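Here are some short exercises to work through with the model open beside you. Try each task before you read its solution.

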Amino acid sequence: MPTELLFRQDAYLKETPATVEAVNERGGIVLDRTIFYATGGGQPGDAGHLRRADGNLIAIGTTIYDPEDKSRVLHVPLEGQPAPAPGEAVTAILDWERRLKRMRIHTALHLLSVVLPYPVTGGSIGDGDGRLDFDIPEGGLDKAELAEKLNALVARNADVTERWITDAELDANPGLVKTMSVKPPRGSGRVRLVAIGDIDLQPCGGTHVRNTAEIGLVAVTDIEKKGKQNRRVRIALA
Ligand SMILES: [Zn+2]
């Protein structure tokens, strides 16, 4: 059975009851449903705990998609943790503080891609900081100027909304693709679109805050030259 990805419907769920479906040979725990974001799109997998019926905790270090079956999510325990039994009822509890920082940075990186409307060649999200790599023909980027533009977008208090769209709807609305800052992937039948007010629209499977106001003040901490046409821009929660 594919794992039900509750974080896709509600990124603000901090805990959920779940049932253990399997424990693989390396200790990875499969639940029927999860609020733990699995590593992908430059965002690290979530950490947290599984609370057992007797109140004992199993510490989860990270979360990944099962390499054997990408529709399943593996909760990877820290070393030395007890293994639950298939069929066991647990409560999955997120390390919420860390996740919220990642959601704030992730949403801020969407805004950074608006401030710098160039092709993005890479990116990464940390706990309170993150970066995007841009294919930019020339340099001349200024940290203070970028930060000012970024914080002006944050200050617009724009709602972040998500909706699913089918490939058929995309084909019927070519203008929609034109307004997107990133081209949607094809072939899976449907695409999840993330809109930030009328500021940004792009396909994304990640976790975001509900309103840009939650990002707070952002600093541009570094602009690195990575090759002739590449600039790495680092940001951090101020
Ligand atoms: Zn996103």
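**Exercise 1. Find the residues that D167 touches beyond its sequence neighbours within four places.**

Step 1: Set those neighbours aside, and use contact in the sense of heavy atoms within 4.5 Å. D167 then touches R186, G187, S188, G189, R190 and V191.

Step 2: Place the residue. D167 sits in helix α4, residues 167–172; helices here are DSSP runs (H or I, at least four residues) and strands are too (E, at least two), numbered from the N terminus.

Step 3: Check its accessibility. D167 has a relative accessible area of 15%, so it goes down as buried (under 20%; exposed is over 50%, partly exposed in between, with a 1.4 Å probe and protein chains only).

A word on the ground rules: this is a predicted model, where local features need pLDDT of at least 70 and side-chain atom pairs count only at pLDDT 80 or more, while totals for chains, interfaces and linings use all residues. Residues are numbered from 1 along each chain as its sequence is written, and side-chain values use heavy atoms, with hydrogens and water left out.

**Exercise 2. Work out which atoms coordinate the zinc ion.**

Step 1: Look for donors, meaning N, O and S atoms within 2.8 Å of the metal (3.2 Å for Na, K and Ca); water is not among the atoms, so sites may look incomplete. You should find H106 (NE2), H110 (NE2), C204 (SG) and H208 (NE2), at 1.9 to 2.2 Å.

Step 2: Check the angles. They run from 100 to 123° among the 4 donor atoms, making the site tetrahedral (for four donors, all angles between 85 and 135 degrees).

Step 3: Read the spacing along the chain, which is H-x3-H-x93-C-x3-H. H106 is in helix α2 (residues 96–115) and H208 is in the loop between β13 (200–203) and β14 (218–225), so this pair, 102 residues apart, links distant parts of the chain.

Step 4: Are H106 and H208 buried or exposed? H106 is buried at 6% relative accessible area, and H208 is buried at 2%.

**Exercise 3. Describe the largest nonpolar core.**

Step 1: Collect buried Ala, Val, Leu, Ile, Met, Phe, Trp, Tyr and Cys residues joined through side-chain atoms within 4.5 Å. The largest such core has 46 residues, and L31, L50, L111, L112, L150, I215 and I235 have the most contacts inside it.

Step 2: Ask which element gives the most to this core. That's α2, with 8 residues.

Step 3: Zoom in on I235. Beyond its neighbours within four places in sequence, its contacts include I105, L109, L112, L150 and V218.

Step 4: Look for another core. One of 9 residues lies apart from the largest, and I165, L176, M180 and L201 are among its members.

**Exercise 4. Say where I136 sits and what it meets.**

Step 1: I136 lies in the loop between β10 and α3. At 2% relative accessibility, I136 is buried.

Step 2: Leaving out neighbours within four places, I136 is in contact with Y118, L141, K228, Q229, N230 and R231.

Step 3: Pick N230 from that list. The C-alpha atoms of I136 and N230 are 5.7 Å apart, although 94 residues separate them along the chain.

**Exercise 5. Describe the backbone and setting of N157.**

Step 1: Most residues other than glycine have a negative phi. N157 isn't a glycine, yet its phi is positive, about 50°.

Step 2: N157 lies in the loop between α3 (143–154) and β11 (160–166), and it is partly exposed at 47% relative accessible area.

Technical notes:
Four donors count as tetrahedral if all angles lie between 85 and 135 degrees; four count as square planar and six as octahedral if opposite donors are over 155 degrees apart and all others between 65 and 115; anything else is irregular.
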